[in-house]
Amino acid sequence: MDSGDDPDASDGQRKKKRYHRHTPRQIQQLEAVFKECPHPDEKQRMQLSRDLGLEPRQIKFWFQNRRTQMKAQHERADNCSLRAENDKIRCENIAMREALRNIICPSCGGPPVTEDSYFDEQKLRLENARLKEELDRVSSVASKYLGRPITQLPPVQPVPTSSLDLSVGGFGSPALGPSLDLDLLAGSSSAVPFPFPTAVSDIEKPIMANLATNAMEELIRLVQTDEPLWMKPGRDRREVLNLETYGRIFPKLGHQFKSPDIRIEASRDSGLVFMNAVALVDLFMDSSKWVEFFPTIVTKARTLEVLATGMAGTRSGSLLLMYEEMQVLSPVVPTRELCFLRYCQQIEQGSWAIADVSVELSRENQFAPSSRSWRLPSGCLIQEMPNGYSKVTWVEHMEVEEKTPVHRLYRDLVDSGEAFGAQRWLATLQRMCERFACLMAAGASTRDLGGVIPSHEGRRSMMKLSQRMINNFCASLSASNGNRWTTLSGLNDVGVRVTVHKSTNLGQPNGVVLSAATSIWLPMSSERVFSFFKDEHTRAQWDVLSSGNSVQEVARIINGSHPGNCISLLRALNASQNSMLILQESCTDASGSLVVSAPIDLPAINIVMSGEDPSYIPLLPSGFTILADGRPGGGGGATTSSNPMGGSSGSLITVAFQILVSSLPSAKLNVESVTTVNNLISTTVQQIKAALNCPSG
């Protein structure tokens, strides 16, 4: 029977024909298309189906299979190439290890340390140091929060640093070499890095927030509670903390510092300030404004981290981690460094509280401070008052550990707590708020004798220039690690102290600046001494550089309620100095007084008085600081550490000069410059004592 007559046979043949192999012509044409387009679309597949007599599904499956085949071929080729490269590298590695194994260490003659073990050890050391520092910081903060001590790893001992020896053989004769390299001087502040870390771990943040909340609660109780928590030991308004009562109300486990030399300083003061509450809060929470308003107390301030921002666009709820360095205006008194939390909270409408409390952060440089300070819950309550005033109640509470004794001249002032007490802070704030109000006022009092100050803009420009002069002068007296002083013997037991730095800052003369200062005690009130220094008629009696010539006041700007708070332009009454004037600012309050001046030429004054920006005008100020000696007045005649003559209380005077040694930053300090400034300070002190009828000894 013919196969064509068998229906089953014809179905089988059709089935077999459906799966037959493609002809060479079909494969050749499919390959040609694949090379050009491995992913044909439906239209292209239909065209191939018609051209080759194949179904569209056959075309689709062929391209899928071909792509899979091509991918597998590429992977096999890549694998072969990589395998060959790997074999080559393995052989080279084996050869290098064999060569290293046979090397002898040139230093000890033994086998070298393998690279892997060396790097593993270094990684472990770095990780160990990081974990130790983290443990120290967290343990310290947690111990305060939990109320019980936590064992810490022993602290790293600071590396001792050497200071430059500038001792002198006799008065006015420094025993120095012909020149001193500035790079070896300890007075260059640029060599001292910032001493504390600037990041807070996530573990510490909630602990710090709790610490700040507790400090705020304690501060409010300290502000609102009077006797017997606070006492007035003297006839002045100053209030000091009754430590026994405080210990019962706020029980603590013990002191922060484990030393028998711990001293507690705690004081409170209140008064009206000419600034509204919101502006005051902004001042406290801005570290730049904080330094600008307190140049006589704060040498440095920095916001390390913002831990919480204020609510609803205000400062309420804001929490900052801050660093601060404080000073007494004399190089013989060590500065105090603090890392602390500053927490702001609005208590009610028009009433704000600012709470400070110290936190422990490990130091990151090698300089150990000469004193350690720990701020217990402190701060102030600010209450809005009518007519732009605010009532400020200030609380300062601090533990202090003096590693080296304070110089005897300043011992009574520092030990009494007045040097860094609440009264000093508040008095400075009151005076600076008055100054700021005068700066902003359009009709402030100006005594213009020679047409020097023609406009309101000129007056403001002059006040800004003078403020920069004050800031520069106060910073030059800092006794911090970055501004180390060297003592020259001769004048008295304090001696003339000198430091040098390379000045490249805007607003200062470029070059090498030599600063020199000394502190003396005078047996008279600080008010009398201040009046003597600020009076232009008595300037010739102490100003060595004036050569006995008088000066005339050309203009005066009043910047406070006290008549002594003013800025003056002085002109020397001699023909050789007609092109130079003297810019002078005098300021006084309950905490002390300043008289600072700097020479300035007529072109610079013209720029200032035209209202232009005075920030680039170079100034190199010198002057005097005047503080009460810290002892109450009286005629008991007893000899004390800060009053070697006995009798009534006196004044502590710091005399400071800055001299441009060279306009070249790379210049070296020579012995003539040191001798000159030593003689300048000594002669000035002698003339001051002679003019005030004080013993020269």
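**Exercise 1. Cavities**

Find how many cavities of 30 Å³ or more the structure holds, then describe the largest cavity.

*Solution.*
Step 1. The structure is a predicted model: local features need pLDDT of at least 70, side-chain atom pairs count only at pLDDT 80 or more, and totals for chains, interfaces and linings use all residues. Residues are numbered from 1 along each chain as its sequence is written, and side-chain values use heavy atoms, with hydrogens and water left out.

Step 2. Set the criterion. On a 1 Å grid over the protein atoms alone, a cavity is a set of points where a 1.4 Å probe fits but cannot get out; lining residues have an atom within 4 Å of a point. Points are joined across faces, edges and corners, and a volume is the space filled by probe spheres set on them.

Step 3. Count. There are 7 cavities of 30 Å³ or more. The largest encloses about 120 Å³.

Step 4. List the lining. It has 13 residues; Thr 296, Leu 329, Ser 591, Gly 592 and Ser 593 lie nearest the centre. Elements giving two or more residues are α11 (422-440), β20 (580-589) and β21 (592-601). Helices (H or I, at least four residues) and strands (E, at least two) are DSSP runs, numbered from the N terminus.

Step 5. Classify. The lining splits into 4 nonpolar, 6 polar and 3 charged residues. Here Ala, Val, Leu, Ile, Met, Phe, Trp, Tyr, Cys and Pro count as nonpolar, Asp, Glu, Lys and Arg as charged, and the others, Gly among them, as polar.

**Exercise 2. Aromatic pairs**

Give the geometry of the pair formed by Trp 542 and Phe 624, and state where each residue sits.

*Solution.*
Step 1. Rings of Phe, Tyr and Trp (its six-membered ring) pair if their centres lie within 6.5 Å; planes under 30 degrees apart are stacked, over 60 edge-to-face, the rest tilted. The whole structure yields 18 such pairs.

Step 2. Trp 542 and Phe 624 are edge-to-face, at 4.8 Å centre to centre and 90° between the planes.

Step 3. Trp 542 is in the loop between α13 (526-534) and β18 (551-558), while Phe 624 is in strand β22 (residues 622-628), 82 residues apart.

**Exercise 3. Trp 290**

Identify the aromatic cluster that holds Trp 290 and the arginine over its face.

*Solution.*
Step 1. Phe 284, Trp 290, Phe 294, Trp 394 and Trp 425 form one cluster.

Step 2. Arg 342 lies over the face of Trp 290, 4.2 Å from the ring centre. The criterion is NZ of Lys or CZ of Arg within 6 Å of the ring centre and within 35 degrees of the ring normal.

Technical notes: On a 1 Å grid over the protein atoms alone, a cavity is a set of points where a 1.4 Å probe fits but cannot get out, and a pocket is an open set with protein on both sides within 12 Å along at least five of seven lines; lining residues have an atom within 4 Å of a point.
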